[in-house]
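Biologist: I'm new to this one. Could you walk me through it and tell me how you reach your conclusions?

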Amino acid sequence: NHSHILVRDIMTKVLISVNLTTTSFQIAKMMEQGGIGAIIVKENENPVGIVTDRDFATKIAAKNLSFDTPAQKIMSSPLITINYNEPISEAAKRMANKKIRKLAVTDNGNIIGIITSTDLVNQLAK
């Protein structure tokens, strides 16, 4: 029974954020170095979007965009969030409804982590 497991129990706490003008190349470098698949994009300290490894595949590669392309052009926006105290079933539902694979996790409106579909699958496979 996984109903007692909360988002905060399996979310990733590694959080890197960039601004709207950070280039795709810089973002790719940060992801590689941090070993992470998503980066939060902020505008004046407000989180406005997320860039995921999938965005690179579907936007940069598929559309043959330059690596100078700014975060603003490839980010998924608006940012879809979930509270850290929600059960993981709620995270799964939200991902399914929005057809996305990653959610930003919030605590009192502040982003404190990211939860991914992979996190959910790994948890359910235990």
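Biologist: How far apart do the end C-alpha atoms of residues 75–126 lie, and what are the helix and strand percentages of the span?

Modeller: Keep in mind that this is a predicted model. In it, those end C-alpha atoms are 32 Å apart, and the span is 37% helix and 31% strand.

Biologist: What makes residues 11–69 and 75–126 worth naming as spans?

Modeller: UniProt, in an unreviewed entry, places the feature "domain: CBS" at both of them. Residues 11–69 are 37% helix and 27% strand, with end C-alpha atoms 29 Å apart.

Biologist: How do you know that strands S2 and S3 pair?

Modeller: Pairing takes at least two bridges. S2 (residues 38–43) and S3 (residues 46–52) have 6 bridges, in the antiparallel sense, so they count as paired. Glutamate 43 stands opposite asparagine 46 in S3. The two strands form a hairpin with 2 residues between them, and asparagine 44 in the turn has a positive phi of about 50°.

Biologist: And what makes S4 and S5 a pair?

Modeller: The bar is again at least two bridges. S4 and S5 (residues 102–107) share 3 bridges, in the parallel sense, so they qualify too. Isoleucine 82 has valine 105 in S5 as its bridge partner.

Biologist: Why are S4 and S6 said to stand at the edges?

Modeller: The open sheet has 3 strands in the order S4-S5-S6, with mixed pairing. S4 (81–83) and S6 (110–116) each have a single partner strand, so one side of each is left without a neighbour in the sheet. From one strand to the next, the twist averages 40°.

Key. Residues numbered from 1 in each chain as written. Predicted model: local features only at pLDDT ≥ 70, side-chain atom pairs only at ≥ 80, totals over all residues. Heavy atoms only, no water. Helix = DSSP H or I, 4+ residues; strand = E, 2+ residues; numbered from the N terminus. Axes fitted to C-alpha atoms, helices over the stretch in contact; angles between N-to-C directions. UniProt positions renumbered as here; feature names shortened; annotations may be inferred.
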